[in-house]
Amino acid sequence: MNRIVPEDLPVHVAEVFGLAPVSARRYGGGHINDTYLVQTSGRPYILQRINDSVFTRPVELMENLGLVTRHVRARLEAEGAEDVDRRVLTLVRTPDRADFHVDAYGQVWRVFEFIGGATSHEVITAPVQAYKAACAFGHFQSLLADYDGPRLHETIPRFHDTVKRYEDFATVVEADPVGRVAEVREEVDWLLGRRELAGSMLRLAAEGVLPERITHNDTKLSNVLIDDVTGEAMCVVDLDTVMPGLSLYDFADLCRSGATTVAEDAPDASGLDVDVPMFQALAEGYLAGAGSALLPAERELLVLAGEVMTLEQAYRFLGDHLAGDTYYQTSRPGQNLDRARTQIALVKALQRHEPALNAYVATLS
Ligand code: ADP
Ligand code: GN1
Ligand code: MG
């Protein structure tokens, strides 16, 4: 959903955080929050308004964020990591020492130190970069493996409950609130026919094959900042969905966003295929970063995970298209439909490549 924020509000909010802003302009390509780059006469900052129709309990979310960033920082310092300030997000507090500010409209804002000299890329094509990015996400998960603070809140309940995602999709198809189902009957029918696949990872979790861990849950490649000079993956960002989950979710979204030959919202998905060298680099990097903590099943089911989470995303994107584009930010009509079509094409492509990809994954254990 594209929300309206009064033009001078970001500057005003930055002042509430004790900054002396010269300007605040929209920044980054995220689909969820409103992100601004705030320039001051000194350092720049990132200001974000939390999307409260997606995150209905922003205060709990901010509690999680404080706990997670402090834990990760402490672990990095204990590891003797260099340049720690660029390897973990740092919240800037208000003069009253609050991690967030609630404005007159009831909207929740936060400020981060800006991590300079690093960029998030919507598309990565070099396997060596993909390896490093995936390694950073695997490492991020391993840094949280010994988290022993208060249980993290579920910032979006049942976020990756793929059976619920299926059911929500079936519900919006049934209701057809803006009359779009007829135009996309083929995609709808294909997706409604994939219930078995949708539930497959959750069944393994219910059987105890896959354990619950603390996971990032939104590991698309653009959620890691890559150093502009060294190409090193510096900092995992977008921590709003860090909460209990399956480790495979975090590999899977890397696969979904990185192991594909076309952009997520490409208007023509017909030529889409799996980018096999990218898949291999992502798998290798993720497992290397996660280290020894993962069980054999968590290392072996990478391809299935990629299929299931890409399918989940197809339900979500097509569901949003059918609902009238109320969830994801869009910049043009039909964007969610295009996004859904690339996801469907990627699930099919992953299934075609499955034997070869599984054989590769087996070599990594
Ligand atoms: P969304 O939830 O909308 O995806 P993100 O938290 O991912 O929002 O932020 C959007 C983009 O802003 C990121 O992809 C990244 O490019 C940039 N960004 C976020 N935090 C920082 C930071 N502390 N320093 C530099 N860039 C950042
Ligand atoms: C959203 O916030 P962003 O743009 O990194 C979404 C993810 C989707 C992704 C698809 C909280 O991620 O779940 O996988 O778009 N985040 C939320 O591009 O719904
Ligand atoms: Mg993001």
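**Exercise 1. Overall size**

Task: Compare the radius of gyration of the protein chain in this predicted model with that of a compact globule.

Solution:
- The protein chain has 365 residues.
- For that number of residues, a compact globule would have a radius of gyration near 21 Å.
- The protein chain has 20 Å, so the value agrees with a compact globule.
- The extents of the C-alpha trace can be added: about 55 × 50 × 40 Å along the principal axes.

**Exercise 2. Make-up, burial and surface**

Task: State how many helices and strands the protein chain has, and what share of its residues is buried.

Solution:
- Start with secondary structure: eleven helices and eleven strands.
- Next, burial. Of the 365 residues, 54% are buried.
- Then the surface. About 15500 Å² is accessible, and carbon and sulfur atoms hold 52% of that area.
- Last, contact order. Take the contacts between residues at least 6 apart in sequence; 74% of these join residues at least 24 apart.

**Exercise 3. Domains**

Task: Give the bounds of the domains in the domain assignment, and say how many residues each domain brings to the contact.

Solution:
- The assignment gives domain 1 as 9-116 and domain 2 as 127-364.
- Their C-alpha centres are 25 Å apart.
- Domain 1 brings 28 residues to the contact, and domain 2 brings 31 residues.

**Exercise 4. One face of α5**

Task: Identify the buried residues of helix α5 and explain why they line one face of the helix.

Solution:
- Helix α5 runs over residues 185-192.
- Its buried residues are Glu-187, Val-188, Trp-190 and Leu-191.
- Look down the axis of α5. The buried residues fall within an arc of 165°, so they line one face.
- The general rule helps here. An α-helix has 3.6 residues a turn, so residues three or four places apart point the same way.
- Now find the cover. The buried residues of α5 are covered by elements including α4 (162-175), α10 (302-323) and α11 (335-362).

**Exercise 5. The setting of Asn-64**

Task: Decide whether Asn-64 is buried or exposed, and list what Asn-64 contacts beyond its neighbours within four places in sequence.

Solution:
- Locate the residue: Asn-64 is in helix α2, residues 58-79.
- Apply the cut-off. Buried means under 20% relative accessible area. Asn-64 has 2% relative accessibility, so it counts as buried.
- List the contacts, leaving aside neighbours within four places in sequence: Leu-152, His-153, Thr-155 and Val-242.
- Look for a polar partner. The Asn-64 side chain reaches the backbone oxygen of Val-242 at 3.5 Å.

Terms used:
Residues are numbered from 1 along each chain as its sequence is written. Chains are lettered from A and ligands numbered from 1 in the order in which they are written. This is a predicted model: local features need pLDDT of at least 70, side-chain atom pairs count only at pLDDT 80 or more; totals for chains, interfaces and linings use all residues. Side-chain values use heavy atoms; hydrogens and water are left out. Buried means under 20% relative accessible area, exposed over 50%, partly exposed in between (1.4 Å probe, protein chains only). Helices (H or I, at least four residues) and strands (E, at least two) are DSSP runs, numbered from the N terminus. The arc is that of the directions from the helix axis to the C-beta atoms. Contact means heavy atoms within 4.5 Å. A polar contact is a pair of N or O atoms within 3.5 Å; within protein, one must be able to donate a hydrogen and the other to accept it, and residues adjacent in sequence count only if both atoms are side-chain atoms. The radius of gyration is taken over C-alpha atoms; the globule rule is 2.2 Å times the number of residues to the power 0.38. Accessible areas come from the Shrake-Rupley method with a 1.4 Å probe; for residues, only the protein chains shown count as cover. Domain bounds come from an automatic or database domain assignment.
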